[in-house]
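Thanks for coming. I have one model to go through this morning, and I will keep to what can be read off the coordinates.

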Amino acid sequence: MVLKETADLEEELDRLELEAALSAACHSADSAEISMTFPSDGDVKEVSYNETGGTPLFKQLEQCEWNNAFELCNEESLQTWVKSTGTTNTTFGWAIWRRLPIHEAVRRQAPAWLLVKMLSLYPESAWQTTQFGELPLHLAVETGSTPEVLHLLLIAYMEGTSRQDNSGRTPLDLVKENEYPDPIILESLGRATTNHLRLLQNYQDKIQQIEANHAEQMKQTLEQHEREIQGERETQARLQQELKEATEFAASMKKLGENSKQVADDKTLETRKWKATVDELKDEIKQRQEEKEVQQQTEQDLRTELANRDATIQELLERIDTLSADLSNSLVFHRDTVIKSMDKANEDLQNMLKTQQALQGHLTGQVKGLEMLLEKRGIEIPPLPPVRKTETPPPEVDTSEAIHAASKAANKALEVSNAKQGYV
């Protein structure tokens, strides 16, 4: 925990130092100790004056053709540098320079309305310097530009009042070097320089105040950190004491554990046995559950089959009842028919017996007549076997027993039908 807080404190110190360094850098920038940020070499557009004579805009500015220059103003042309090496196309061999169109316009004392357009299209040109470290503001003072032009350049880049060229001169120094300076320009540059210095001083005061507050905060932070470290040290000492006591307690518990290791092993073995028994019981329960499910399924199937059979039995009983009723009706009908038929048969039998007796008497009479005829004619008649005469007539056929048997069979069928209906 102490290490973490120490790391946090170091990180906070690094952050505060970085802020202080950034503040110092900003202060140096505003004090004109460093230049403004310029485009990288890959972004800079440059043409050779010795080979081309400059861009079309640059040529019009050299010839002081302000209207034509106004028409040719665009961002690309205003950002293109023109460089002279002093070797060809120059009047003097020492003519080595490097300028933007705004430098050339100020050198040629261009009108304010042309500079307004140039600054509106490329405002960064106000803080670009020539090969001698000259701002457009330096060139305006050196060439005696109008106050309007000077004011435009001051508005575009007020910090230029504190910028020095390669000779160490500010724009105000250049004005003071003139034997007959323009009072308006001198007043404007003096006031702008004073205001800028006052702003720088205010900024420096703010930075000093920030640094003082920062130092106070650092002091309070360090004191707070020292108190926290002291508390952490006390906490560490207490924890070390507790760790020592815990170590001694752990040693005693280890010795006690060694003594009870066998008991623990026995308990473990017993637990494993019980676990095995429980697993076997679980398997048996699972098997019983499966058997129970099978039995339940079988019981369900049997119930279904029993219900189907009950339905079949009910259907058969209904058919038996129908057949029994039909049989009863048929027996009653046939019983009457049989009785009538038997009575008719008995009557026919009696008639047949009477006819037979009459025929037998007629035949006996014809035999006697034939015998008498044969005797008259002298024909011997062979002896005939004696004919046994029946003194009693043949018994009459009793149909009551047949009728009784038919009635008994019909009653039996009715009892069976009633018994089945009672079962249902």
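Before anything else, a definition: a residue is buried under 20% relative accessible area, exposed over 50%, and partly exposed in between. Keep those cut-offs in mind, as I will come back to them for three loop residues. Please also keep in mind that this is a predicted model.

First, the overall picture. The chain has 424 residues, and 23% of them are buried. Its secondary structure comes to 13 helices and 3 strands. Taking the contacts with a separation of 6 or more, 68% are between residues at least 24 positions apart.

Now the sheet. The 3 strands form an open sheet in the order S1-S2-S3, and the pairing is mixed. At the edges are S1, residues 45–48, and S3, residues 97–99, each of which pairs on one side only. From one strand to the next, the twist averages 25°. S2, residues 80–84, runs antiparallel to S3, and 3 bridges join the two. Within this part of the sheet, lysine 83 is placed opposite arginine 98 of S3.

Arginine 98 brings me to the rings. Its charged end sits over the ring of tryptophan 81, at 4.1 Å from the ring centre. Arginine 99 has a ring partner too: its charged end sits over tryptophan 97, 4.1 Å from the centre of that ring. Tryptophan 97 in turn belongs to a cluster, linked through ring pairs with Tyr49 and Phe58. For the structure as a whole, the count of aromatic pairs is 5.

Next, helix H7, which spans residues 112–121. Which residues of H7 are buried? They are Leu114, Leu115, Met118 and Leu119. Looking down the axis of H7, these buried residues fall within an arc of 130°, so they line one face of the helix. And what covers them? The cover includes five helices: H3 at 56–62, H4 at 66–72, H5 at 75–78, H6 at 101–107 and H9 at 147–156.

That leaves the loops, and the cut-offs I began with. Most residues other than glycine have a negative phi. Two loop residues here are worth pointing out on that account. Cysteine 64, in the loop between H3 and H4, has a positive phi, near 60°. Is cysteine 64 buried or partly exposed? Its relative accessibility is 34%, so it counts as partly exposed. Glutamine 109 is the other one, with a positive phi of about 55°. Its loop is the one between H6 and H7. Glutamine 109 also counts as partly exposed, because its relative accessibility is 44%.

The third loop residue is threonine 130, between H7 and H8, where H8 covers 136–143. Threonine 130 counts as buried because its relative accessibility is 8%, and the cut-off for buried is under 20%. Which residues is threonine 130 in contact with, leaving aside neighbours within four places in sequence? They are Arg98, Arg99, His103 and Leu139. Two of those names have come up already: Arg98, whose charged end is over tryptophan 81, and Arg99, whose charged end is over tryptophan 97.

That is where I will stop. I am happy to go back to any of these sites on the screen.

Conventions
Residues are numbered from 1 along each chain as its sequence is written. This is a predicted model: local features need pLDDT of at least 70, side-chain atom pairs count only at pLDDT 80 or more; totals for chains, interfaces and linings use all residues. Side-chain values use heavy atoms; hydrogens and water are left out. Buried means under 20% relative accessible area, exposed over 50%, partly exposed in between (1.4 Å probe, protein chains only). Helices (H or I, at least four residues) and strands (E, at least two) are DSSP runs, numbered from the N terminus. The arc is that of the directions from the helix axis to the C-beta atoms. Contact means heavy atoms within 4.5 Å. Rings of Phe, Tyr and Trp (its six-membered ring) pair if their centres lie within 6.5 Å; planes under 30 degrees apart count as stacked, over 60 as edge-to-face and the rest as tilted. A charge sits over a ring if NZ of Lys or CZ of Arg is within 6 Å of the ring centre and within 35 degrees of the ring normal. Two strands pair if DSSP finds at least two bridges between them. Axes are lines fitted to C-alpha atoms, for helices over the stretch in contact, and angles run from 0 to 180 degrees between N-to-C directions.
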